[in-house]
Structures are given as structure tokens and as C-alpha cells.
Amino acid sequence: MSEYTVVGQKLPRVDAVEKVTGAAQYGADVHPAGMLYGKIVRSKHAHANIISIDTSEAEKLPGVRAIITQDDVPSGRRVFATDKVLYLGEPLAAVAATDPDIAAEAAELINIEYEVLPVVQDVMEAIKPSAPHIQGDETKDGPKRRDISAKIKELAADQDNDHAAEIQKLEAELNNYDDEIYHNISAESHTEAGDVEKGFAESDIVVEDTYVIPRVHQTYMEPHVSVASADSSGKITVWASTQGPFAIRSGIAGTLGIPLTQINVIGTTMGGGFGGRFGVIITHVPAVLLSQKAGRPVRVQMTREEEFLDGRPAPGCVIKLKTGATKDGQILARQALAFWDSGSVSGASIGSTIRVRGVYKIPNIKIDAYGVHTNKSGTAAYRAPGAPQAIFAGEAQLDDIAEQIGMDPVKFRLMNMREEGDEVPAGGSEPKVGYKETLEAVADAAGWWDREADDNQGWGVAVGDWTNGCGPGGVYVSVHEDGSARIFHGSMDITGTDTAITQIIAEILTVPYDSVTIRRGDTDSAPYSTGSGGSVVTFTMGNTAKLAAEDAHKRILELAAERLNTNEDNLELKDGAIHVITADPPKSISLGELAAYSLSTTGGPIVGKGSFARQSSTPALAAQIAKVEVDPETGRTRILKLVASQDVGFAINPMAVEGQIEGGTVQGYAWAMMEEMQYNDNGNVNPGFVDYRVPTSADLPTVESVIVEVPAPNGPYGAKGVGEPPITPTLATMSNAVKDAIGVRISELPIKPEKVVDALKNNGHGA
Amino acid sequence: MAKYPVSFKVNGDEQDLLIEPRKTLLAVLRDVIGLTGTKEGCSTGDCGACTVIIDGKAVTSCMVLGVTVAGKEITTIEGLAEDGELHPVQQAFIDTGGYQCGFCTPGFIMSSKALIDENPDRTEEEFRHALGGNICRCTGYTKILEAVLNAAEEIRTNS
């Protein structure tokens with residue numbers, strides 16, 4: 001029996017009724033009086049110089065109220081392309097009109113003259129010297145050239161000895177690795193611990209493979225949208241569908257050179273985010289610029305096609321991975337060389353390549369990762385950014401080693417998993433995490449130990465780790481004369497976080513869950529809040545809410561002591577009333593009565609304040625098992641069973657936590673089996689749900705979720721962020737299951753039927 | 001562009017409107033009548049977020065031109081609750097946690113209602129296939145199916 005009455009319970013969400021009745025207000029539901037409809041004009045080529053942009057025909061169309069290009073951006077910050085476009089769909093201009101169809105018509109009338117340039121879409125082609133240079137031409141050295149150059153530098157620094165001959169030899173050696181001069185590089189990241197060469201030399205088995213993971217779209221169901229209204233005083237209001245209203249406020253201020261206080265961002269109900277809803281210039285800035293020019297509110301709403309062309313999806317990547325192990329199952333070394341497709345921007349989760357280390361004791365590790373420019377839109381976060389890709393490589397290769405040494409994949413993982421106090425490769429010391437408990441839980445729940453498989457059926461297992469982020473937040477809680485409480489804060493609800501905050505405050509104030517309500521303020525009114533991404537909200541805002549409720553609790557006892565003529569030590573807040581524990585007969589005052597009393601005191605109403613920024617987080621593990629059946633003739637894989645466990649620390653609302661596990665696991669399944677943004681020299685070729693298939697209920701079985709609770713020391717009630725971990729292992733889970741079924745590793749995702757058929761043919765299994 | 005007079009019923013209310021032939025029913029519901037509970041997720045009839053019920057059948061309203069619904073009876077998500085009481089399908093989505101971001105939810109509820117009205121005796125597998133025209137990106141569908149099966153059971157028992 002839980003010691004808690006509200007947290008830990010499967011309660012309906014605070015936004016339940018508005019969500020099932022259509023009353024919830026999303027971005028596109030905002031319609032201020034006089035609103036115009038915006039439309040962005042996009043590049044029709046993947047790589048081209050812009051010769052001219054002619055808006056004259058569009059201006060003549062009745063109903064058009066404003067047309068903007070980069071010339072209308074006073075700060076000069078790039079909002080629209082000017083001299084060159086880098087991908088199909090890149091914004092060049094925007095139109096505002098009295099009707100969405102007129103805006104679309106006007107956008108078509110803007111005449112743009114291009115000089116088409118050569119295109120590169122494949123990262124392994126883009127790094128070659130022959131590739132078109134997309135943004136300047138930044139070259140970087142690969143791992144061997146880096147090692148040799150480091151040695152040369154070391155020798156040259158030694159003034160006491162003459163190393164001229166040695167240096168000359170090394171410089172000559174450098175020339176042998178010309179293919180390691182990578183072009184079109186946007187960023188790089190390198191990590192090393194121990195000595196991988198030594199580790200591989202001591203290994204009985206060394207496995208190497210190349211893993212190819214496609215670019216996929218977050219595919220939140222609500223396309224990007226914003227409504228902006230600039231009034232005559234210069235004050236700007238933006239209704240934004242975003243994960244981070246405060247980040248959007250500073251982003252708009254920075255991009256347009258407007259003071260922060262002149263911008264108010266109102267976060268609308270968010271139709272899914274998954275990391276992809278932090279962008280400032282995608283719709284928000286164009287909406288503001290159009291509104292400023294037209295003098296009327298403007299809504300800019302993307303279509304699904306625009307989402308695929310100019311959203312900020314998850315980067316695809318190529319990871320070359322090598323692992324060495326002893327024949328009794330000890331992993332000794334792991335080395336990765338990764339190329340992440342960052343499209344037109346830099347970055348692209350390259351730092352996440354380190355996640356190939358997994359949750360295992362690996363004494364020697366070396367990671368070299370590069371971001372590579374291609375002619376695609378930029379990328380952004382997608383649920384545990386970079387982890388699903390890296391963990392796919394790591395966990396797929398682990399299974400191949402287990403197979404070679406003849407060890408059960410679950411036992412092999414359990415044997416190598418880190419325990420509390422173990423060294424994390426290139427990362428300090430391991431805290432207490434339920435790694436083994438979570439893997440054992442999923443193995444038990446799935447029936448792994450006595451699993452059966454008919455012909456063409458297979459079982460796969462994998463684990464993935466992730467640690468929630470943390471950030472600043474503020475919460476106020478007021479207690480009212482009727483005994484109810486009201487929460488005020490500024491963080492966006494990301495599918496259940498408002499509910500978790502409410503549960504925490506009800507728990508501490510010992511009042512019924514439904515007597516606590518929660519209200520979100522805009523950036524003008526609410527205390528600053530970090531963005532709702534990185535699984536931060538329950539951790540951060542949960543802690544903040546706890547502090548606010550505890551602050552209110554303190555004030556409640558103070559007031560009650562005054563009112564009941566006793567000492568605070570004699571008081572207890574329980575069941576929504578303050579009781580004098582020493583009194584006989586019992587003596588108490590209800591929270592409502594106390595709140596009414598507070599209004600005539602010197603100290604005033606009961607208001608608790610919580611403010612919080614940072615505490616160290618604890619890693620979480622997701623472990624999954626799938627059973628599949630592959631049709632060797634068609635190559636089609638049917639998923640028969642999907643079981644997912646997760647160490648969540650503490651489930652504040654188990655129904656919401658299960659929902660996160662189920663949803664994240666299915667997104668991982670889709671990445672493994674179906675989803676892939678496809679490109680050719682013209683750009684993205686599957687910008688819609690017919691050609692970019694996401695799973696429907698018809699593709700899936702029931703996802704069985706198993707909650708494991710190993711508390712996080714700094715989490716509210718021990719809770720960890722739960723949103724991101726469940727997507728991390730599924731790519732490998734599926735690849736491992738398919739391999740178990742057909743005996744062939746498919747290391748290039750997604751595992752589409754044609755790849756299965758080809759793999760079987762190439763291995764002599766085919767029809 | 002010229003507009004044409006069209007009369008139809010939405011959630012029991014008579015609508016007499018002038019509609020441009022290029023406007024979809026979805027655009028008419030949202031922009032003209034102001035019923036924004038019906039969502040636009042793809043504009044190509046693939047995601048089901050805009051599902052409404054026309055004369056008893058679930059239809060993606062982004063694929064229907066407004067001028068073609070003359071004389072028809074349309075039910076949107078706003079028309080499901082009666083006298084402040086949620087429809088059993090709406091209640092089931094709440095009880096099971098069958099929604100997260102909620103954007104696909106109106107479409108799912110409308111599709112589910114039409115399917116249950118037509119035949120509440122479908123198996124889970126049959127519902128899974130019948131709901132294949134609605135996309136949800138958050139839930140992984142497990143709790144949606146639980147909601148639909150619970151609602152079907154409730155409606156069966158009470159009819």
C-alpha cells in the first residue's frame with residue numbers, strides 16, 4: 001500500500017474534458033478579429049543560386065495585404081534565402097492575404113529565377129572532395145589523420161630531442177589517408193577513454209559493421225502554426241504552438257532585434273512536439289513580420305507537405321562500429337566513426353554518438369563523430385535526440401557478438417551491465433539505476449526464458465538509456481476560501497505534465513485531486529519556465545511544484561498556529577484540514593476556513609512560491625522485447641508481441657507513464673520498420689502520409705508496458721523523466737528480432753520488405 | 001470567387017451559407033461556422049484528424065467540398081455530448097488515457113462512434129483495422145483500442 005494518496009494514482013488528466021470535446025485551443029484555432037492568412041513561398045530546387053525574386057504579379061492579386069522577403073528583415077538575420085537556396089522548400093518570401101486560398105495563389109504568382117547547382121544528399125558522398133560544396137567547404141580530418149597529426153604535434157613540441165626524421169615519416173604517412181579529409185563538415189565531436197587498439201588486440205572476437213539509420217520526421221499531428229499580432233505601439237503578441245514559449249520569446253527578440261518586453265508569447269495547446277517544436281523562424285518570425293507589415297493579425301500554418309519539406313526532423317546517420325570481446329563474454333573495446341546528416345544547419349545530435357557505449361562496462365572506447373552538410377532542411381531534436389540511432393548500432397552489434405560466443409542475449413547484457421559505483425566509459429561514476437531490474441522485468445513479462453518460435457519467427461531484445469534534462473521553472477500555488485487550490489505556471493503541458501504537477505500539489509496540500517486546478521500563463525504573466533523537451537517537465541516542474549506546495553504548507557501551519565492559539569509543532573495538515581495533534585477532544589480548522597481567515601491577517605493570503613533550476617538527474621533504462629514473424633516470400637514482417645519495461649524512478653501517474661512507454665516504443669518500431677524521408681537531386685520525394693507511412697492501429701499489436709521503479713534521488717517522489725527513454729532501444733529490438741527470424745542482420749533501416757527479400761537472397765535463403 | 005448557397009445541418013443546427021466551390025467542408029466548419037474541434041492534420045485525407053459524421057458515416061471532411069453537403073446532417077466532435085453529459089466514447093477515452101496531445105482525438109472519437117453505431121460487436125482485431133484511417137503519433141494505439149472496446153461494450157450493454 002502506497003504511503004501516498006494522490007501521486008502514484010492512475011487519475012484522469014486535468015485537460016481531459018477539453019481534449020475529448022474539441023474545446024482545447026490549438027494554434028490554428030486562434031482567430032483574432034481581422035486575421036489574415038499567411039503563406040510561405042518556398043524554393044523549388046534543392047540547391048540553386050537565386051537570380052531574382054519578382055513579387056509584382058502577386059501584389060496585384062485582390063486580397064493580398066503584405067508580401068515580405070529578406071529585405072523586410074531589419075536585423076538582417078537570415079529568415080529567407082537571398083543569394084542561394086540549400087534545400088527544396090527553403091523559405092524565400094511570405095504572403096499575407098484575406099483568405100488562405102488567395103495567399104496560396106499569390107505565393108504561386110511570385111516569380112523566382114534560379115540557377116540550378118549540383119546536389120548532394122548522401123552523407124558518404126558529401127564528405128568526398130568531388131562533392132558540391134554546400135556552405136563554403138569546411139574540411140576536417142578523420143580518426144587516423146587526427147592520430148598521426150597529434151603524434152606529429154607531440155614530437156614537434158619536444159624541444160630537447162630532434163624528431164625531424166620521425167616527423168617526416170609521419171607526414172608521409174598522413175598522405176596515405178587523403179580519403180580521411182572529409183568535406184562539407186558542419187561539426188565534429190571526439191571522445192576517448194582507455195586504449196581501444198589494446199582492447200581489440202586482447203579480444204577473442206572483434207565484430208565490425210556499418211549501420212545506416214534514416215532521417216525521420218517527428219510527425220506530431222498538428223503542423224507548425226503561429227498567429228502573430230503587432231499593434232501600433234509595437235507590442236507583439238504571438239500565439240505559438242511550441243514546446244518553449246520563453247525560448248520563442250527570446251528567439252523572436254534576437255532574430256528581429258526587438259526588446260524582450262515587447263513580445264508576449266501565448267503557448268497554445270500543443271498537438272505533439274517530440275522535440276520538433278522549438279523552431280523560431282519556421283512560422284513564428286514570418287508571422288510577426290507579416291503582421292508588422294500588414295498591420296493586422298496573421299496566421300501562418302504549415303501544411304503536412306511543408307512539414308516534410310521544411311520541418312526540422314531527426315538526422316539520419318551512418319555509424320561504423322567495431323566491438324571486441326573475450327570468448328567468455330566480456331566486452332573489452334568499442335570504437336565508432338559516425339557521420340550525421342545535418343542538412344543545411346550544423347549540429348545534428350552528433351554528441352549522442354557516445355551512446356554506443358550503452359550501459360555496459362567497456363574499459364576502452366573511442367568515438368569520432370561528424371556532422372555533414374547535405375541539401376536537406378536542417379534537423380532538430382526527436383525524442384532522445386541521437387540516442388535511437390547510436391543505440392541501434394550498439395545493441396545490434398551486441399547481439400551479433402552474443403551469437404558468436406554462443407551466449408543468450410539477455411544474459412550477455414546482464415553480465416556486462418554497469419552497477420552502482422562502476423566507471424561509466426568517458427563519463428564518471430554510475431549512480432544506482434535499475435538496469436538489471438528493468439531488463440529482467442521485460443524478460444519475465446515477455447516470457448523470454450521459455451520463448452518459442454515457429455519457422456520464420458524470431459525474438460529480439462535491446463535496451464536503451466537516457467537521462468532527463470533539467471532547467472529553470474517557477475510555480476505559484478494559491479489556496480482559496482472554499483478549500484480549493486490554484487496552480488499558476490508557464491511550462492507547456494507535454495501530454496500529462498500539468499496533471500503530474502497537479503497531483504504533486506494535491507498530495508502535499510492533502511486535498512482532493514479535483515479541488516486543485518492549474519492555469520498556464522503567457523510569457524508576460526508567468527514565471528520563466530524551461531522548454532518542455534528533454535523529459536524535463538516532471539523532473540523540473542515537479543520539483544518546482546513541490547517547493548511551491550511546501551511553501552504554502554509552511555504558511556498554512558503558521559496561520560493555523562496563530563488562529564488556533566498553539567505552536568506549529570502541535571499541528572498537522574491532513575485531509576484538507578489542520579489538526580491540533582495534542583488536542584482532546586479533537587480540534588481542527590479546514591483549509592478553506594483558514595484561507596478565509598488569512599484574508600484579514602497581516603500576512604495575507606496563502607500563496608506558495610516554488611523556484612528551481614538544477615539538480616543532477618539519474619539515468620533511466622528502457623528494455624524491450626519483440627517477437628516477429630517474417631514472410632520469406634514477400635519479406636513482410638509482422639509484429640506479434642511487443643513488451644516494454646522502463647525504470648521510471650517513480651510513476652506519479654502510472655496511466656500517463658504507460659502512455660509514454662507505449663507511444664515511444666511505437667515510434668521506435670516505426671523508425672525501425674517503416675519510416676524514412678527519401679531524397680533525390682530534386683529534394684524530398686515523399687512529403688506526405690501516403691509515401692511516408694507512419695504506423696496505424698492496423699500495423700500493431702497491444703504494447704505491453706512494465707513499470708520499474710528505482711527512485712532517482714533528486715526527482716520529485718523519486719520520479720525520472722519518462723518521455724524519451726522508450727524510443728531508444730526499439731530500432732535494435734526490431735533488427736535483432738528480424739535477425740533471429742531470418743538469420744541475417746539487416747543493418748540498414750528501415751527494414752522494409754524488399755530489404756528482407758534481398759538479404760535472404762544474398763545469403764542463399766531466398767526463393 | 002463566386003459563392004453558392006448551401007443548406008445543411010451541423011449538430012442539429014440549420015446552416016444556410018454562401019460557400020466558394022473551392023472550400024472544403026473542413027474549411028467551412030472551422031473558418032465559416034467556427035467549429036474548430038475538427039482538426040486539420042494533412043489536408044489529403046490520410047490522417048483522419050478531420051473526421052466528422054455525415055448521415056451516419058465517418059468521413060474525412062478535408063476531402064469533401066462544402067458545396068456538396070446540401071441537405072445532409074453532419075455531426076462534429078462538438079455535437080457529441082448531450083445535456084452536458086459526455087458520450088460514452090468520449091468518457092472511455094478519458095478513463096483509459098486514450099489520448100495524449102489530443103490533436104487526433106476528435107477524429108478518433110468520431111470514427112470510433114460511427115464504427116460502434118454500425119456494429120459494436122467488432123473484435124479488437126477488427127477495430128484495429130477499421131481505425132486504420134486515423135493516425136495517432138502519441139499513444140501507440142494501445143489505450144485508444146482499450147477505450148474503443150470499453151465504449152463498444154458499454155453501448156452494447158445499454159442498448
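**Two contacts: inside chain B, and between chains A and B**

Let's start with chain B. The domain assignment splits chain B into domain 1, residues 4-79, and domain 2, residues 88-158. Keep in mind that this is a predicted model.

How far apart are the C-alpha centres of the two domains of chain B? They lie 21 Å apart. The two domains also touch. Domain 1 of chain B puts 15 residues into the contact, and domain 2 of chain B puts in 13 residues.

Now look at the domain 1 side. Which elements give two or more residues there? They are β3, residues 51-54, and β4, residues 57-60, both of chain B. Find β3(B) in the structure. The largest share of this side comes from β3(B), with three residues. What about residue classes? On the side of domain 1 that touches domain 2 in chain B, seven residues are nonpolar, six are polar and two are charged.

Next, the contact between the chains. How many residues does each chain bring? Chain A brings 41 residues and chain B brings 44 residues.

Stay on the chain A side. Two helices to find here are α1, residues 16-21, and α17, residues 654-673; each supplies at least two residues of the side of chain A that touches chain B. Which element gives the most? That is α17(A), with seven residues. By class, this side of chain A has 19 nonpolar residues, 16 polar residues and six charged residues.

To recap, remember two elements. Inside chain B, β3(B) gives the largest share of the domain 1 side. Between the chains, α17(A) gives the most to the chain A side.

Conventions:
Residues are numbered from 1 along each chain as its sequence is written. Chains are lettered from A and ligands numbered from 1 in the order in which they are written. This is a predicted model: local features need pLDDT of at least 70, side-chain atom pairs count only at pLDDT 80 or more; totals for chains, interfaces and linings use all residues. Domain bounds come from an automatic or database domain assignment. Two residues are in contact if their C-beta atoms, placed from the backbone, lie within 7 Å. Helices (H or I, at least four residues) and strands (E, at least two) are DSSP runs, numbered from the N terminus. Ala, Val, Leu, Ile, Met, Phe, Trp, Tyr, Cys and Pro count as nonpolar, Asp, Glu, Lys and Arg as charged, and the others, Gly among them, as polar.
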